[in-house]
Amino acid sequence: MLNEFKDFIAKGNVMDLAVGIIIGAAFTAIVSSLVGDLINPIIGLILGGVDFSNMYVVMSGEVPANAGLQVARDAGAAVFAYGAFITACINFLIIAFVVFMLVKAVNTIKSRAEKPDDIVPDVHTGPSELDVLIEIRDQLRR
């Protein structure tokens, strides 16, 4: 069993997966910061300062007027936090677009690397075998 475990760990796919998870975690932090710190404020500015994350409906309990979502939750009220869901959907779309652009860039770079730089043009060295046979046939008919 120990040897099987060593073989499993030694496989390249496992190491690639581990590296992918580590890079994915770091990438998640970068994308979350991009969305939360740069893109969401711009969207809020465009929409007139609307902050979706604090939009909710009180289903039961007492909440002070104009209180934020966290205050409502801390007060023990049952809230329908539709704004948090809208924010999560917007974040998902932004993250999906960023990942799409990243994959597209990687695929473009990969396809350029696979193409040979030196494309040898077709050199016409003379008539083909078929052309020569047709010419002989035509001369024999005369």
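Analyst: A residue counts as buried under 20% relative accessible area, as exposed over 50%, and as partly exposed in between. The model discussed here is predicted.

User: Why is Arg 137 called partly exposed?
Analyst: Arg 137 has a relative accessible area of 40%. Buried needs a value under 20%, and exposed needs one over 50%. Arg 137 meets neither cut-off, so partly exposed is the right label.

User: What makes the pair Arg 137 and Asp 138 a salt bridge?
Analyst: The closest N and O atoms of Arg 137 and Asp 138 are 3.1 Å apart. The cut-off for a salt bridge is 4 Å, between a side-chain nitrogen of Lys or Arg and a carboxyl oxygen of Asp or Glu. The 3.1 Å distance is within 4 Å, so the pair qualifies.

User: Is the partner, Asp 138, buried, partly exposed or exposed?
Analyst: Asp 138 has 30% relative accessibility. That falls between the 20% and 50% cut-offs, so Asp 138 is partly exposed.

User: How many salt bridges does a search of the whole structure find?
Analyst: The search finds one. As for charges, the protein has 10 positive and 15 negative side chains. The centres of these two sets lie 7 Å apart.

User: In what order do the elements of the protein run?
Analyst: There are five helices and two strands. From the N terminus on, the order is α-α-β-α-β-α-α.

User: How do you know whether the protein is spread out or a compact globule?
Analyst: Set the radius of gyration against the globule rule. The protein has a radius of gyration of 32 Å, and the rule gives 14 Å for 142 residues. The value is well over the rule, so the protein is more spread out than a compact globule. Its C-alpha trace spans about 110 × 55 × 25 Å along the principal axes.

User: What share of the residues counts as buried?
Analyst: Of the 142 residues, 11% count as buried. The accessible surface comes to about 11800 Å². Carbon and sulfur atoms hold 66% of that surface.

User: Why is Thr 87 called buried?
Analyst: Thr 87 has 18% relative accessibility. The cut-off for buried is under 20%, so Thr 87 qualifies. Thr 87 lies in helix H4, residues 82-114. Beyond residues up to four places away in sequence, it touches Asn 40, Phe 52 and Ser 53.

User: How far apart are Phe 52 and Thr 87 in sequence and in space?
Analyst: They are 35 residues apart in sequence and 5.9 Å apart in space, C-alpha to C-alpha. Phe 52 is in the loop between helix H2 (12-46) and strand E1 (57-60). Apart from neighbours within four places in sequence, Phe 52 has contacts that include Leu 47, Gly 83, Ala 84 and Ile 90.

User: Which residues does Phe 80 touch?
Analyst: Not counting residues up to four places away in sequence, Phe 80 touches Tyr 56, Val 57 and Met 59. Phe 80 is in strand E2, residues 78-80. Its C-alpha is 6.3 Å from that of Val 58, a residue 22 positions away along the chain.

User: What is unusual about the phi of Asn 66?
Analyst: Most residues other than glycine have a negative phi. Asn 66 is not a glycine, yet its phi is positive, at about 60°. Asn 66 sits in the loop between E1 and helix H3 (69-74).

User: Why does Asn 66 count as exposed?
Analyst: Asn 66 has 83% relative accessibility. The cut-off is over 50%, so Asn 66 is exposed.

User: Is Gln 70 buried, partly exposed or exposed?
Analyst: Gln 70 is in helix H3. Its relative accessibility is 48%. That is not over 50%, and not under 20%, so Gln 70 is partly exposed. The C-alpha atoms of Gln 70 and Gly 24 are separated by 29 Å.

User: What makes Val 71 partly exposed?
Analyst: Val 71 also lies in helix H3. At 43%, its relative accessibility falls between 20% and 50%, so Val 71 is partly exposed. Its C-alpha is separated by 33 Å from that of Phe 97, 26 residues away along the chain.

How values were computed:
Residues are numbered from 1 along each chain as its sequence is written. This is a predicted model: local features need pLDDT of at least 70, side-chain atom pairs count only at pLDDT 80 or more; totals for chains, interfaces and linings use all residues. Side-chain values use heavy atoms; hydrogens and water are left out. Helices (H or I, at least four residues) and strands (E, at least two) are DSSP runs, numbered from the N terminus. Contact means heavy atoms within 4.5 Å. Buried means under 20% relative accessible area, exposed over 50%, partly exposed in between (1.4 Å probe, protein chains only). The radius of gyration is taken over C-alpha atoms; the globule rule is 2.2 Å times the number of residues to the power 0.38. Accessible areas come from the Shrake-Rupley method with a 1.4 Å probe; for residues, only the protein chains shown count as cover. Lys and Arg count as positive and Asp and Glu as negative; His and the chain ends are not counted. The place of a charge is taken as NZ of Lys, CZ of Arg, CG of Asp or CD of Glu.
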